[in-house]
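Student: I'd like a close look at one part of this protein, the buried interior. Could you walk me through how it is put together?

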Amino acid sequence: MKRIIPIMTVLMMSSCTNYIKVIDSKKISDEENSLSTRVIDLKDESLGINFYGDYEFENINKKFIFFTNSDIAHLLGNLTKKPKEVLFTYTETSIYNNIAGFFYENVTLEDIKKQWSQQPDKDMGNGFLYRYTYKDYNIIDVYRQQKNGVIRFIAINNPKSQKKDQFELENEGIFFKINTQLWTQ
């Protein structure tokens, strides 16, 4: 009986991962274009990604976070390998976009595709995108091949405050308009 209690404690602690947290990333501002470039550290490399200036990185205001840690855990559950979280951001504007980023070390895009039952909605060669719903949330799930693994961005909208087409337009802008370098390198 004494062995069961420590094992249960470890299991409960490991299932309480907090995905809603400030993640250290270097900021490079572009005041002229109202963009904020964040440099995300991955295993042996880094990745610069642009965000519109209204995205928050340094603090968490739970009023604008509408998913739970268990929601993210469920979304991550479609892949067998556990990732390292490398990004969390959100907006306080009417877009109410939440984005979390994860790095899967020693994984390829082909490894990822094998674990999905559907083909990607968009294939960029060195990455791809899936669109789906979970509960009432609209989800955009973006993957990009890196040197030592795959980076994954999960964008989640607040369906009570934003229509699906607005959400898709916002993320089309983020992932393809202001970050074309992600798909041309």
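Tutor: Here is a tour of the interior, starting with how far to trust the model.

This is a predicted model, where local features need pLDDT of at least 70, side-chain atom pairs count only at pLDDT 80 or more, and totals for chains, interfaces and linings use all residues. Numbering runs from 1 along each chain as its sequence is written, and side-chain values use heavy atoms, with hydrogens and water left out.

The chain averages a pLDDT of 88, and 89% of the residues score at least 70; pLDDT is the predictor's confidence in each residue, from 0 to 100. Over residues 1–14 it stays under 50, and the model has zero contacts there beyond four places in sequence (contact means heavy atoms within 4.5 Å). Where pLDDT is low, the predicted coordinates should not be read in detail.

Now the largest nonpolar core, which has 30 residues. Such a core is a set of buried Ala, Val, Leu, Ile, Met, Phe, Trp, Tyr and Cys residues joined through side-chain atoms within 4.5 Å, and buried means under 20% relative accessible area (1.4 Å probe, protein chains only). Tyr-143 and Ile-156 touch the most other members. Helices H2 (69–76) and H3 (109–114) each give two or more residues, as do strands S5 (84–91), S6 (98–105), S8 (127–134), S9 (137–146) and S10 (149–156). S8 gives the most, with four residues. These elements are DSSP runs numbered from the N terminus: helices are H or I with at least four residues, strands E with at least two.

Setting aside residues up to four places away in sequence, Ile-156 touches, among others, Phe-66, Phe-67, Ile-72, Leu-75 and Phe-167. Apart from this core lies another, of 24 residues, including Phe-51, Phe-153, Ala-155 and Phe-175.

Next, a polar residue: Asp-141 sits in strand S9 and counts as buried because its relative accessible area is 0%. Its side chain makes polar contacts with the side chains of Tyr-132 (2.8 Å) and Arg-152 (2.7 Å). A polar contact here is a pair of N or O atoms within 3.5 Å; within protein, one must be able to donate a hydrogen and the other to accept it, and residues adjacent in sequence count only if both atoms are side-chain atoms. Beyond four places in sequence, the contacts of Asp-141 also include Trp-116, Phe-128 and Phe-153.

Finally, Phe-176 lies in helix H4 (residues 164–177) and is buried because its relative accessibility is 14%. Leaving out residues up to four places away, Phe-176 touches Lys-122, Met-124, Leu-129, Asn-171 and Trp-183. Met-124 is 52 residues from Phe-176 along the chain, with 10.0 Å between their C-alpha atoms.

Definitions and conventions
Buried < 20%, exposed > 50% of the residue type's maximum accessible area, 1.4 Å probe, protein only.
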